[in-house]
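Grab a pencil and open the structure viewer. Ready to work through a few exercises at your own pace?

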Amino acid sequence: MERFKALNRLSHYRRTLFPHSSDSNSNSLCDDTVLVEGKASSRIVTLNRPHVLNAVVTPMGVRLIELYESWEKDPHFGFVVIKGSGKAFSAGGDVVCLYQFMDEGRLEDCKDCFRTFYGLMYLIQTYMKPHVALIDGVTMGAGAGISVLGTFCVATDRTVFGTPEALIGFHPDGGASYFLSHLPGYLGEYMGLTGATLSGAEMVACGLATHYSLSAKIPLIEEQLKTLLSDDPSVIEAVLAKFSDVAYPDERSVLCRIEMLDKCFGHDTVEEIVNALESEATGSNDPWCISTLKKLRQASPLSLKIALRSIRESRSQTLEECLIREYRISVHAISRQISSDFYEGVRARLVDRNFAPKWNPPRLEDVSEDMVDRYFLPLGEYEPELELPKKLQEAFD
């Protein structure tokens, strides 16, 4: 009884966080983009925007929160499975939509998107029932947070996982600063700064995914989970293990270069990281060092410094603290008062597609410490911070 009282209080706070969740227009927008089927103890959710690699928009996030909350309180539903339609799990948030909002001065719509999806990440990580993500394809940005923060994450031979935000002048968000900071050594810094991707086998090896299965077995896993009558995590885990395959990263994997990676990305500043890579590349002509430098030079210099600091701060913080910090950075980014790199990055890479963003500042040495500091400042008296019901979670611990 006490647990359900706590869940009701949590639901009340979440309604406060997501004031549009009862908007019928929002629901109509995502009737076809969030599909649900239920059988036995499970509820299977499909992200259904395959033409844009299941990139998610605010109404989809609102709908997911509504569904998850209702299932969390209902004793007839035992666990949730989420997957993507077509070739992707989810390529992340629809940043072109955010670009259009910025272009039209609709910053409140941008903030609503951030509040919704950051809140969804928090909901998934604190969910009271087992959560299974089947990431059979492209999984990036918000798609990464939706998948790896839950109970189980099943990667496949088709999985391509990454956090490429710095390449569009943004920062690793939606909980990314949190889970990147928990990766072995300085792998998280490498991924967050370069936008490099991991395979399904690499995800399991570094702890981001709990299971690995061949893509051809995903329908079999779904069928087993659909008919499962138990919500016991150990029973669900047994089903996933039954269809699991053994896969190891190949010799070209970044995980086979972890000592070199740690040596270069363990430095305190982006400039020192670049210098270390340049030194290694000069001495050995190492292809990995050369390609890594190329990726860093394609990213926004400001975003690189913001991303490094954000990931480093996350090492000693909870997910809630990370999401609050990420929200601050995101609001400052869309305001364009410090720099327009996010707007410019999306324009160059996804709208005009000339792949020649004009970063401001254009060089690492031009990015001052004060400029970076401003992204991490509280939002101010008239700009609400992201609020998450942290205290209520104590009732479940």
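Below are five exercises with worked solutions, based on a predicted model.

**Exercise 1. Find out which residues of strand β7 are buried, and which strands pair with β7.**

Solution.
Step 1: Locate β7, which covers residues 152-155.
Step 2: Recall that side chains in a regular strand alternate between the two faces of the sheet.
Step 3: Sort the residues by side. F152 and V154 sit on one side, C153 and A155 on the other, and all of them are buried. Both faces of β7 are therefore covered, going by the under 20% cut-off for buried.
Step 4: Look for partners. Strand β5 (residues 131-135) runs parallel to β7 and is joined to it by four bridges. Here L134 stands opposite V154.
Step 5: Check strand β10 (residues 211-212) as well. β10 also runs parallel to β7, with two bridges between them. The bridge partner of A155 in β10 is Y212.

**Exercise 2. Describe the largest pocket: its volume, its lining and the elements that supply the lining.**

Solution.
Step 1: Start with the volume, which is about 770 Å³. The lining has 30 residues, and A91, G93, V95, I168 and L350 are the closest to the pocket's centre.
Step 2: Ask where the lining comes from. At least two residues each are supplied by α4 (95-103), α5 (107-125), β6 (138-140) and α17 (341-351). The largest share belongs to α5, with five residues.
Step 3: Sort the lining by character. You get 21 nonpolar residues, four polar ones and five charged ones.

**Exercise 3. Now do the same for the largest cavity.**

Solution.
Step 1: Count the cavities of 30 Å³ or more: there is one.
Step 2: Give its volume, about 80 Å³. Its lining is made of 14 residues, and those closest to the centre are G169, S303, I306, A333 and Y375.
Step 3: Name the elements that give two or more residues to this lining: α15 (301-314), α16 (319-335) and α17. The largest share, three residues, comes from α15.
Step 4: Sort the lining again. This time it splits into seven nonpolar, six polar and one charged.

**Exercise 4. Explain why C256 and C289 don't form disulfides with their closest cysteines.**

Solution.
Step 1: Remember what you're looking for: a disulfide is a covalent bond between the sulfur atoms of two cysteines. The cut-off to use is a sulfur pair within 2.5 Å.
Step 2: Try C256. The closest cysteine sulfur belongs to C206 and is 12 Å away, so that's too far for a bond.
Step 3: Try C289. The closest sulfur here is in C264, at 5.2 Å, so this pair is too far for a bond as well. C289 is buried, by the way, with a relative accessible area of 0%.
Step 4: Check the total for the model, which is zero disulfides.

**Exercise 5. Are K83 and P50 buried or partly exposed, and what can you say about where each one sits?**

Solution.
Step 1: Find K83 in strand β3 (residues 79-84). Its relative accessible area is 18%, so K83 counts as buried.
Step 2: Look at the side chain of K83, which makes a polar contact of 2.7 Å with the side chain of E222.
Step 3: Move to P50, in the loop between β2 (42-47) and α3 (58-73). With 41% relative accessibility, P50 is partly exposed.
Step 4: Compare sequence and space. P50 and A91 lie 41 residues apart in sequence, and their C-alpha atoms are 9.9 Å apart. You've met A91 before, among the residues closest to the centre of the largest pocket.

Definitions and conventions
Residues numbered from 1 in each chain as written. Predicted model: local features only at pLDDT ≥ 70, side-chain atom pairs only at ≥ 80, totals over all residues. Heavy atoms only, no water. Buried < 20%, exposed > 50% of the residue type's maximum accessible area, 1.4 Å probe, protein only. Pairing = 2+ DSSP bridges. 1 Å grid on protein atoms, 1.4 Å probe; cavity = no way out; pocket = protein on both sides within 12 Å on 5 of 7 lines; lining within 4 Å. Points joined across faces, edges and corners; volume = space filled by probe spheres on them. Nonpolar A, V, L, I, M, F, W, Y, C, P; charged D, E, K, R; others polar. Polar contact = N/O pair within 3.5 Å; in protein donor to acceptor, adjacent residues only side chain to side chain.
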